[in-house]
Amino acid sequence: MTAEELEAGLAAELAADGESVTEALDRWSAHTPMRVFIHYGEHGLDLSYAEAKRATDTIAGNLARAGVRRGDRIAVHCRSSYAAALWMFGIWKAGAVYCPIDPDLIGDPLVEQLESTTPLLVVTERMLVQSLEAVRPHLDRLPRLTVHDAVGPRPPHGYPEIAYANFLARAEPPGVVNDPADVGMIVHTAGVTGRAKAAVLPHRWLAAYTLLLRRLTTPDDVVHVDLPMHSLQGAFAGLARAAWTGAGVSLWDRFHPVDFWRRVTAAGATSAVLTETMVGWLSGAPERRGERDNPLSKVLMQPLPAIHHSFARRYGIDTVVAGYGQVETGLPIAAVLIGAEPGEGTPEALRRGLGAKEVKRVCDRLGVPVLPASRIVRRGCLGAPLPFTRVAILDEHDRPVPRGVVGHLAMRPHLPGLLVQEYVGDPLSIAEATRNLWFHTGDAAVFDEEDGLLHFVDRVVDRIRIRGENVSAYHIEDLVNQHPDIAVGAVFGVPADRDDEDEVVLYAEPEPGRPLDPDELRAWCTQSLPAYMRPAYVRIVARMPRTPNGRVEKYRLRRHFLGLTDRPGPAVRGVTVTTATATPMPTARPALAPALSPVRSALPPSLPPGAGR
């Protein structure tokens, strides 16, 4: 097959059911108008495909009336997944760019996300206005604001505001047709190799990212979504995938480990996305009778935890999709694992969607390996490359390494528009990432000599894993070093007592002559850092260990923290290490612990735009 034939075949595969998710949503609204598209579990609301079309058309039409044009950026800063979902589709129908903002961010991280996206409009909610107002003096350019749950008191603010009532009156969409090459979204990376970057992604990226999951989903499926709309898994692997396939969505604002299976069973959910942390929470629950009597048959686990097989057997999961995914690349590598043994999976009376033979046919067509889950006994299996991307493991000179040798995971797309286009305002980073015509993922991986599959090893540089996400040590350090009494701060992660999570450890060196109190520093971190970035352990040292060129030797600090002997000598020789009380960080996973979740309104969300008009 020639390169031209390969590209033509791949383009046809992507175009088979359209490369625009909004067009797919409209098709299903015509084909199955009364089918429930979104069941919003937080308030028991059902939205049909026809109502979703009317609501998102109205958002798009009113955005056009407000002066929004093709390519303008709209930030969605909401904890309500229901509101964010409707706005995401409405923004795309207006030809604008969806820019999700993590609603848990405060201070400088929030400033950075707003500054990097420079939105024309921010869609937010009453409980978040205060955090936006706190950063307003630090923004170079003020966006307009609209508050989707505007009924009721809210903190005053100094932003120019568009009344949400302006988006409720029925309006026709502007008739924009999005080309696959058009920018569809700007999504921030985890920032593991430095500052979080604003990744510019075209519509084709979304079509490729969801392709395998779409092929495994039918209109008979219900996709359970309890991950936020600023995440790839919630907004795209969950919601957008369902809209493309005519499936239903059981939508929640946050994961609830105690209530998860009740929610799944009540909605008849057949598919879900589970992070490693979520799998750990559910596996840690006390066993009970009848756990397999649930409709959940297909689960994407990303990354794949070591306990995937025992989890699938315990809860009767038929199919586990493993894969490699990140903001820049989508989902270019995958494998499908057969979880439960015959007769021990989803009960026949509850099973919907594709059966085992149909799943195998889909995977064979896309070159995705299908194998028993029992064969994968260690954490981090990624699978095999999908046909859209060439994948390689490279050495430091970008030369491929032999199988069994760990190297830098890199890839080249066979079609344009499959990878990140740019990092906003950061041309040097995108140039470095794409050197020698390879996109360098920042991850170390290996082609296993025995099974031939790709396996994740670690980040090439420091990373801290919190709530199932990679968090940048560099980013936390950058924030901590703004403390006036800190000369230099060093941050790293250590394994937590539970799951595969990390705890944040902070070592701080004071400015000369400025005593630094650990309790004061902890209080400052509480005020200045997002909850999941706050250190669980604080050490104050007189001087950091450094390399000859002045860089902090964090590996020595890590060994010192763990009480290990340091061959070059003590990491903090001749000084007293002051230790703040190392209480467990209760907000390390705010999206998971129900009692500690952010306060949300008891009022239901506003009616969908255009409802009843």
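Colleague: At roughly what angle do the axes of helix α2 and helix α4 cross?

Modeller: In this predicted model, helix α2 covers residues 21-31 and helix α4 covers residues 81-93. Their axes come within 9 Å of each other. The two helices are roughly perpendicular, because angles of 65 to 115 degrees fall in that class and the axes of α2 and α4 cross at roughly 110°.

Colleague: Which residues of α4 make the contact with α2, and how do the residues of the contact divide by class?

Modeller: From α2, the contact takes Val21, Thr22, Leu25 and Asp26. By class, the residues of the contact of α2 with α4 are four nonpolar, one polar and two charged. On the α4 side, the residues are Phe89, Trp92 and Lys93.

Colleague: How many cavities of 30 Å³ or more does a search of the whole structure find, and about how much space lies in the largest cavity?

Modeller: Rolling a probe the size of a water molecule over the atoms shows where empty space is left. The search of the whole structure gives seven cavities of 30 Å³ or more. In the largest cavity, the space comes to about 90 Å³.

Colleague: Which elements give two or more residues to the lining of the largest cavity?

Modeller: The lining of this cavity includes Trp205, Ala208, Tyr209, Gly330, Leu331 and Pro332. Other stretches of the chain also appear in the lining, among them Leu386, Phe388, Leu418 and Leu419. By class, the lining of the largest cavity has nine nonpolar, three polar and no charged residues. The elements that give two or more residues to the lining of the largest cavity are α7 (203-209) and β14 (330-338).

Colleague: Which element gives the most to the lining of the second largest cavity?

Modeller: The second largest cavity holds about 70 Å³ of space, and its lining includes Arg241, Ser271, Ala272, Lys298, Val299, Leu300 and Val321. Two elements, β11 (271-274) and β12 (298-301), give two or more residues to that lining. By class, the lining of the second largest cavity has six nonpolar, two polar and two charged residues. With three residues, the element that gives the most is β12.

Colleague: Is valine 321 buried or exposed?

Modeller: Valine 321 lies in strand β13 (residues 319-326) and is one of the residues lining the second largest cavity. Beyond its neighbours within four places in sequence, valine 321 is in contact with Leu212, Leu213, Leu216, Val299, Leu300, Met301, Ala335 and Val336. Because its relative accessibility is 4%, valine 321 counts as buried.

Colleague: How far apart in space are valine 321 and leucine 382, C-alpha to C-alpha?

Modeller: In sequence, valine 321 and leucine 382 are 61 residues apart. Their C-alpha separation in space is 9.4 Å.

Colleague: Which residues is arginine 263 in contact with, leaving aside its neighbours within four places in sequence?

Modeller: Arginine 263 is found in helix α10 (residues 260-267). With a relative accessible area of 5%, arginine 263 is buried. Leaving aside its neighbours within four places in sequence, the contacts of arginine 263 are Glu42, His224, Trp252, Arg254 and His256.

Colleague: Which residues does a cis peptide bond join?

Modeller: Most residues other than glycine have a negative phi, and most peptide bonds are trans. Here a peptide bond with an omega of about -5° is cis. One partner, proline 303, is found in the loop between β12 and α12 (308-315). The residues joined by the cis bond are glutamine 302 and proline 303.

Colleague: Is aspartate 398 buried or exposed, and is asparagine 436 buried or exposed?

Modeller: Aspartate 398, in the loop between β17 (389-394) and β18 (407-413), has a positive phi of about 65° although it is not a glycine. Asparagine 436, in the loop between α14 (427-433) and β20 (439-447), has a positive phi of about 55° and is not a glycine either. At 11% relative accessibility, aspartate 398 counts as buried. With a relative accessible area of 51%, asparagine 436 is exposed.

Colleague: What percentage of the residues in the protein are buried?

Modeller: The protein has 17 helices and 27 strands. Among its contacts between residues at least 6 apart in sequence, 71% join residues at least 24 apart. Of the 613 residues in the protein, the buried share is 57%.

Key:
Residues are numbered from 1 along each chain as its sequence is written. This is a predicted model: local features need pLDDT of at least 70, side-chain atom pairs count only at pLDDT 80 or more; totals for chains, interfaces and linings use all residues. Side-chain values use heavy atoms; hydrogens and water are left out. On a 1 Å grid over the protein atoms alone, a cavity is a set of points where a 1.4 Å probe fits but cannot get out, and a pocket is an open set with protein on both sides within 12 Å along at least five of seven lines; lining residues have an atom within 4 Å of a point. Grid points are joined across faces, edges and corners, and a volume is the space filled by probe spheres set on the points. Helices (H or I, at least four residues) and strands (E, at least two) are DSSP runs, numbered from the N terminus. Ala, Val, Leu, Ile, Met, Phe, Trp, Tyr, Cys and Pro count as nonpolar, Asp, Glu, Lys and Arg as charged, and the others, Gly among them, as polar. Axes are lines fitted to C-alpha atoms, for helices over the stretch in contact, and angles run from 0 to 180 degrees between N-to-C directions. Contact means heavy atoms within 4.5 Å. Buried means under 20% relative accessible area, exposed over 50%, partly exposed in between (1.4 Å probe, protein chains only).
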